[in-house]
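Trainee: Got a minute to go through some labels with me? I'd like to see how each one is earned.

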Amino acid sequence: MAEELALDLEELRQLHSIAKRPRILSLISSEMRSLEKLQASKEDGNAAAPPPTASQIPTPISTSVKAPINPALNYVSVSSFSWDQDMDKVKIYVFLEGVEQEKIQTDFKPLSFDVKFHDVKGKNYRCAVPKLNKEIVPEKCKVVVKPTRVIITLFKASKGDWPDLYSKEDKLKPNLDKEQDPMAGIMDLMKNMYEEGDDEMKRTIAKAWTDARSVKAEML
């Protein structure tokens, strides 16, 4: 029995080293912990105890399932992040500390992505682009957690340089996502109009922006 456990653990470790998807990594890690506890109990002199039945041994599904994500959760929109690219992929850098790999929920589609970070120092965060500049390959995309940041890697459907992360027409529309601050969408729209407008447009928007900030300061 002990030898079988050791062989199972070794194979799980090999699978863990080549796995990439967060859910698969979580499944393998949970099963490894279960087998390691079972192995430790055998080594502590409990070998005489009756072997656990099939119903007692955690399966990958039962050990990895977390509490269901409540769709009514509130999210803080991550509107500030950096990104770079090469001919094959785009990397997005989200500067958040305290993110846990198993508490990330991802939704990659050919022209969009939505990544949610749950229970990060008591808050839930969301980084999403509703319409990307060009198509990606959803099944190849991944999220990697680092100590002070999270890296979202998008694999391009076709090689080439993206002039921007966002689709041009999407940039000109205010972001009215009901889960985000509507004011933030208006400010994004003003920013995009300023960047792409002529001198007269820039003067007008700069004045409106200054007036809005002044009103806000008076209200504080």
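Trainee: Why is Lys 121 called exposed?

Mentor: Its relative accessible area is 67%, and exposed means over 50%, buried under 20%, and partly exposed in between (1.4 Å probe, protein chains only). So Lys 121 counts as exposed. Mind that this is a predicted model, where local features need pLDDT of at least 70, side-chain atom pairs count only at pLDDT 80 or more, and totals for chains, interfaces and linings use all residues. Residues are numbered from 1 along each chain as its sequence is written, and side-chain values use heavy atoms, with hydrogens and water left out.

Trainee: Where does Lys 121 sit?

Mentor: In the loop between β5 and β6 (123-129). Its phi is near 55°, positive in a residue other than glycine.

Trainee: What makes that worth a remark?

Mentor: Most residues other than glycine have a negative phi. Asp 119 has a phi near 55° too, but Asp 119 lies in strand β5, residues 112-120. Strands are DSSP runs of E, at least two residues, numbered from the N terminus.

Trainee: Why is Asp 119 called partly exposed?

Mentor: Asp 119 has a relative accessible area of 40%, which falls in the in-between class, so the label fits.

Trainee: And Arg 126, buried or exposed?

Mentor: Arg 126, in strand β6, is buried because its relative accessible area is 13%.

Trainee: How do you know that the side chains of Arg 126 and Asp 114 make a polar contact?

Mentor: They are 2.6 Å apart, and a polar contact is a pair of N or O atoms within 3.5 Å, one able to donate a hydrogen and the other to accept it. So the pair qualifies.

Technical notes: Helix = DSSP H or I, 4+ residues; strand = E, 2+ residues; numbered from the N terminus.
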